[in-house]
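Open the model in your viewer and keep the selection box ready. The tour moves from one selection to the next and says what is there.

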Amino acid sequence: MFLSALVLGLLGSFHCIGMCGPIAFMLPVDRYNKLKQFFQILSYHLGRLFTYSLIGLLFGLLGKGFYFFGFQQQLSIITGVLMILVILLPKTFQKYNFSRPINKLIMKVKSALGKELKKKGNDTFFTIGFLNGFLPCGLVYMAVFGALASANAFSGSLYMFIFGLGTIPLMTIIVYVGNFANGLIRKRIQQIIPYIVVLIGILFILRGLGLGILYVSPLPVTNLSAPIKGCYP
């Protein structure tokens, strides 16, 4: 399951360039002191990872509630189905602006980001990364589905953390060399992303079905308190 988070982050970062790329390129890093620049970029990434982990923790807690009431497998199946439907029926989902209730909050985040991008304080880069993590992004939503399908808060947080790690290589390159991925490579990878999301969705469905497939779809745990036959005289 966590491997899917890494793959989603690695490939999804090409999709996220449209939203986060300009922010990463505009980071007020020190272009002359390479060591200082490295730590500034690291601080930016740590801010994003902190936000993603926090989001994952919250949705992991929600997923734990489903697990407590015995709906963990059903949740995994629903998560997989939603991932696939978002890809197969994008126009249907675009009709509904799910971010509308929080648009004011998003505008405040963007406003705060604009102010932070003009600063160069020690905490500026972490704050920019922290705020950046709250910006709406389709691939982040897919990762949130994965966190929701986890069994507990730690797993949800870890899922989002690993997703964030996957975005670091490309986002770091953006800071150093600018928006290099405007050409054919970016286009080709963006064409692959929907297939990857569908594949991950299928894996979540298989995981929920409990078919006994090694590493993919483990059998559901039944009554652990029942005595095992043959162990007692």
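**Start at the tail.** Select residues 221-233. Over this stretch pLDDT, the predictor's confidence in each residue from 0 to 100, stays under 50. Here the model has one contact beyond four places in sequence, where contact means heavy atoms within 4.5 Å.

This is a predicted model, in which local features need pLDDT of at least 70, side-chain atom pairs count only at pLDDT 80 or more, and totals for chains, interfaces and linings use all residues. Residues are numbered from 1 along each chain as its sequence is written, and side-chain values use heavy atoms, with hydrogens and water left out.

**Colour by confidence.** The protein chain averages a pLDDT of 77. Of its residues, 73% score at least 70. Confidence is highest in helix 6, with a mean of 92. It is lowest in helix 4 (residues 90-94), where the mean is 65.

**Show the whole chain as a cartoon.** You will find nine helices and zero strands. Helices (H or I, at least four residues) and strands (E, at least two) are DSSP runs, numbered from the N terminus. Buried residues, those under 20% relative accessible area (exposed is over 50%, partly exposed in between; 1.4 Å probe, protein chains only), make up 41% of the 233 residues. Take the contacts between residues at least 6 apart in sequence: 78% of them join residues at least 24 apart.

**Select helix 7, residues 138-148.** How many of its eleven residues are buried? Eight are, so this helix is largely enclosed by the rest of the structure. Leu-139, Val-140, Met-142 and Ala-143 are among the buried ones. Val-144, Gly-146, Ala-147 and Leu-148 are buried too.

**Add helix 3, residues 72-88.** The axes of helix 3 and helix 7 come within 9 Å and cross at roughly 170°. Axes are lines fitted to C-alpha atoms, for helices over the stretch in contact, and angles run from 0 to 180 degrees between N-to-C directions. Helix 3 and helix 7 are therefore roughly antiparallel. By definition, angles under 35 degrees count as roughly parallel, over 145 as roughly antiparallel, 65 to 115 as roughly perpendicular and the rest as oblique. Show side chains where they meet. Helix 3 brings Leu-75, Thr-79, Leu-82, Met-83 and Val-86. Helix 7 brings Met-142, Phe-145, Gly-146 and Leu-148.

**Now the largest nonpolar core.** A nonpolar core is a set of buried Ala, Val, Leu, Ile, Met, Phe, Trp, Tyr and Cys residues joined through side-chain atoms within 4.5 Å. Select Leu-8, Leu-139, Val-140, Met-160, Phe-163 and Val-197: of the 22 residues in this core, these touch the most other members. Helix 1 (2-25), helix 2 (34-68), helix 7, helix 8 (153-177) and helix 9 (184-209) each give two or more residues to this core. Helix 7 gives the largest share, six residues. Another core, of 16 residues, lies apart from it. Val-109, Leu-113, Phe-125 and Ile-128 are among its members.

**Zoom in on Leu-8.** This residue is in helix 1. Leu-8 is buried, at 3% relative accessibility. Beyond four places in sequence, Leu-8 touches Ser-13, Leu-139, Met-142, Ala-143, Phe-163, Val-197 and Ile-200. Measure to Gly-164 in your viewer: the C-alpha atoms are separated by 9.3 Å, though the two residues are 156 apart along the chain.

**Move to Ala-5, also in helix 1**. Is Ala-5 buried or exposed? Ala-5 is buried, at 0% relative accessibility. Leaving aside neighbours within four places, its contacts are Tyr-159, Ile-162 and Phe-163. Ala-5 and Tyr-159 are 154 residues apart in sequence, yet 6.0 Å apart C-alpha to C-alpha.

**Go to His-45 in helix 2**. His-45 is buried, with a relative accessible area of 4%. Outside its neighbours within four places, His-45 is in contact with Ile-168, Met-171 and Thr-172. Its side chain makes a polar contact with the side chain of Thr-172, at 2.7 Å. A polar contact is a pair of N or O atoms within 3.5 Å; within protein, one must be able to donate a hydrogen and the other to accept it, and residues adjacent in sequence count only if both atoms are side-chain atoms.

**Finish at Thr-124.** Thr-124 is in helix 6 (residues 124-132). Thr-124 is buried, with a relative accessible area of 1%. Beyond four places in sequence, Thr-124 touches Glu-116 and Lys-119.
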